[in-house]
Amino acid sequence: EPAFFNRLPERAWLEQRLARSLQQADSYEEILGRCRIFGQEQQFLIGVRVLAGTVGPRQAGRAFAALAEVISAALLAASRREFEAAHGRMRRGRVALIAMGKLGSREMSPASDLDLILIYDAPPASETSDGPRPLPISTYYARLSHRLIGAITAPPGRRRCIPSLRPSVLTRARYGGFTRSADQCDRCRHPAWRFLRRGDGRDHD
């Protein structure tokens, strides 16, 4: 069909299609599986267009990036729901997933890594989460980041999540994986925010 080859899927369409698929999932593991299948199918369909010569590398790069964003957002939402069932929510806590590297610049290919930073913000008064197994703020978001990494790298998925850290916070990596607080970003505002502006941040609170 000519329309298939001449038009790449837009982000809104990808979100709707994935959402419909995930509505049928009965468990967290099934959500991960459906995200992997959806990603592999859409990668293949984008690749077919590239091989047919109807879209160029730049267009394909933006399409691969849109696909990665949609899946990453869905996995973050699913990971948060699963995590909150055990540890509750952090009062007035917010997170933003920052896209770096090829994803941030919209130049992805099927072999690109996912370079992500998870920024969190919670008032000091929120000392612990409100779940059956409460956690302090830094531990809460560090473990949430590990849950997200596990979701993205769950086998047999091919996509890797690389904890891409700014040079100024590499020495603090052992405290939080690829998680950084908004306050930490503010303290290193001049070098950090210039670096972060290359990517794309979306609040998933």
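From the N terminus on, the element order is α-α-α-α-β-α-β-α-β-α-β-α-α-β. That gives nine helices and five strands, taken as DSSP runs (H or I, at least four residues, for helices; E, at least two, for strands) and numbered from the N terminus.

This is a predicted model: local features need pLDDT of at least 70, side-chain atom pairs count only at pLDDT 80 or more, and totals for chains, interfaces and linings use all residues. Residues are numbered from 1 along each chain as its sequence is written, and side-chain values use heavy atoms, with hydrogens and water left out.

The mean pLDDT (the predictor's confidence in each residue, from 0 to 100) is 76. Helix H2 (residues 11-22) scores highest, at a mean of 95, and helix H7 (residues 173-176) lowest, at 32. Residues 157-177 fall below 50, as do residues 187-205. Where pLDDT is low, the predicted coordinates should not be read in detail.

Of the 205 residues, 48% are buried. Buried means under 20% relative accessible area, exposed over 50%, partly exposed in between (1.4 Å probe, protein chains only).

The structure holds eight salt bridges, each a side-chain nitrogen of Lys or Arg within 4 Å of a carboxyl oxygen of Asp or Glu. Three of them follow.

| Pair | Closest N to O |
|---|---|
| Arg-11 and Glu-69 | 2.4 Å |
| Arg-80 and Glu-84 | 3.9 Å |
| Glu-84 and Arg-89 | 3.6 Å |

Arg-11 lies in helix H2 and Glu-69 in helix H4 (residues 57-87), so their pair ties together parts 58 residues apart in sequence. Arg-11 is partly exposed, at 22%; Glu-69 is buried, at 10%. Both belong to a salt-bridge network with Glu-15 and Arg-106.

Arg-80 and Glu-84 sit four residues apart in helix H4, about one turn. Both are buried. Arg-89 is partly exposed, at 47%.

Terms used. Contact = heavy atoms within 4.5 Å.
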